[in-house]
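Q: Could you show me how to read helices, buried residues and salt bridges in a model of this kind?

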Amino acid sequence: MYQITVYRKKEPWNKNKLVGQKLPLKLQQIWAIRIRLELSGNVRDLALFNLAIDSKLRGCDLVSLRLRDIAHGLSVQSRAMVVQQKTGQPVQFEITKNTRESISQLIQHDQLTLSDYLFKSRVKASDHISTRQYSRIVDHWVESINLDATQYGTHTMRRTKPSLIYKKTKNLRACQLLLGHTKLESTVRYLGIEVDDALEVSEGIDS
């Protein structure tokens, strides 16, 4: 005797959700979040925020960083290289002075060793924060300065510095290298450059 399977139509995953590219942060928004984290004394989140901006890494690569990936001994380096989980390709990034200082504070605060994950989870079952935890942390950051969290996310952190660099220099090749993209077209789509340029032209014309 055959079993009858009842078909139930599945709802689209994006029903009632806002999808699309997440907005990058503007310079004043970066500093607004950074100052709030400094004033709150949140050592881990300050280091996470600063390194997310500098590294331009995907969330999966950022949360799985170990101290040895960015430091020699306990000295945080000004440049680092990691292999991206998604592409298997290496990508280099700079670590600015402010970021190095916040990571040094984290090393002392959490008493990290070279083999330790940088961003430890507060959940005992996990060695480091998950990408889902990271996403919730980003939501908290943007909401703390009264931004709409539906328009921002973990890719906001990845897109922010390349977007600032492109606006200042128009050097698309530099943005491609910093993001670790193999194709220039991917960088154009990822940063939404053609749309942004068109909007800037449109805004400069009085109708």
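The dialogue below takes up these features in turn.

Q: What should be kept in mind about how the values were obtained?
A: This is a predicted model, in which local features need pLDDT of at least 70 and side-chain atom pairs count only at pLDDT 80 or more, while totals for chains, interfaces and linings use all residues. Residues are numbered from 1 along each chain as its sequence is written, and side-chain values use heavy atoms, with hydrogens and water left out.

Q: Which residues of helix 4 are buried, and how are they placed around the axis?
A: An α-helix has 3.6 residues a turn, so residues three or four places apart point the same way. Helix 4 (residues 97-110) has 14 residues and spans 20 Å from its first C-alpha to its last, close to the 20 Å expected at 1.5 Å a residue (the expected span being 1.5 Å times one less than the number of residues; helices are DSSP runs of H or I with at least four residues, strands are runs of E with at least two, and both are numbered from the N terminus). Its buried residues are T99, S102, I103, L106 and I107, and because they cover an arc of only 150 degrees around the axis, they sit on the same side of helix 4 (the arc is taken from the directions from the helix axis to the C-beta atoms). Buried means under 20% relative accessible area, exposed over 50%, and partly exposed in between, with a 1.4 Å probe and protein chains only. On the face turned away from the buried side, helix 4 carries the exposed residues K97, Q108 and H109. The cover over the buried residues of helix 4 includes helix 2 (43-55) and strand 2 (75-76), and just after helix 4, Q111 adopts a positive phi of about 50 degrees.

Q: What does a buried residue in helix 5 or helix 6 touch?
A: Contact means heavy atoms within 4.5 Å. T160, in helix 6 (residues 154-169), is buried with a relative accessible area of 0%, and, leaving aside neighbours within four places in sequence, T160 is in contact with P24, L25, I30 and I53. Y134 belongs to helix 5 (residues 131-144) and is buried at 1% relative accessible area; not counting residues up to four places away in sequence, its contacts include L48, A52, W141 and M157. Y134 and C60 are 74 residues apart in sequence, yet 9.3 Å apart in space, C-alpha to C-alpha.

Q: How many salt bridges are there, and which residues do they join into one network?
A: Side chains of opposite charge can pair when their charged atoms come close. With a salt bridge defined as a side-chain nitrogen of Lys or Arg within 4 Å of a carboxyl oxygen of Asp or Glu, the count comes to 5. One of them joins R44 to D45, with the closest N and O atoms 3.2 Å apart, and both R44 and D45 are buried. Another links K161 and D54 (3.0 Å, N to O); K161 lies in helix 6 and D54 in helix 2, so the pair ties together parts that are 107 residues apart in sequence. The side chains of K56 and E94 also meet in a salt bridge (3.1 Å, N to O), and since K56 lies in the loop between helix 2 and helix 3 (59-63) and E94 in strand 4 (residues 90-94), this pair ties together parts that are 38 residues apart in sequence. Salt bridges that share partners join D54, K56, E94 and K161 into one network.
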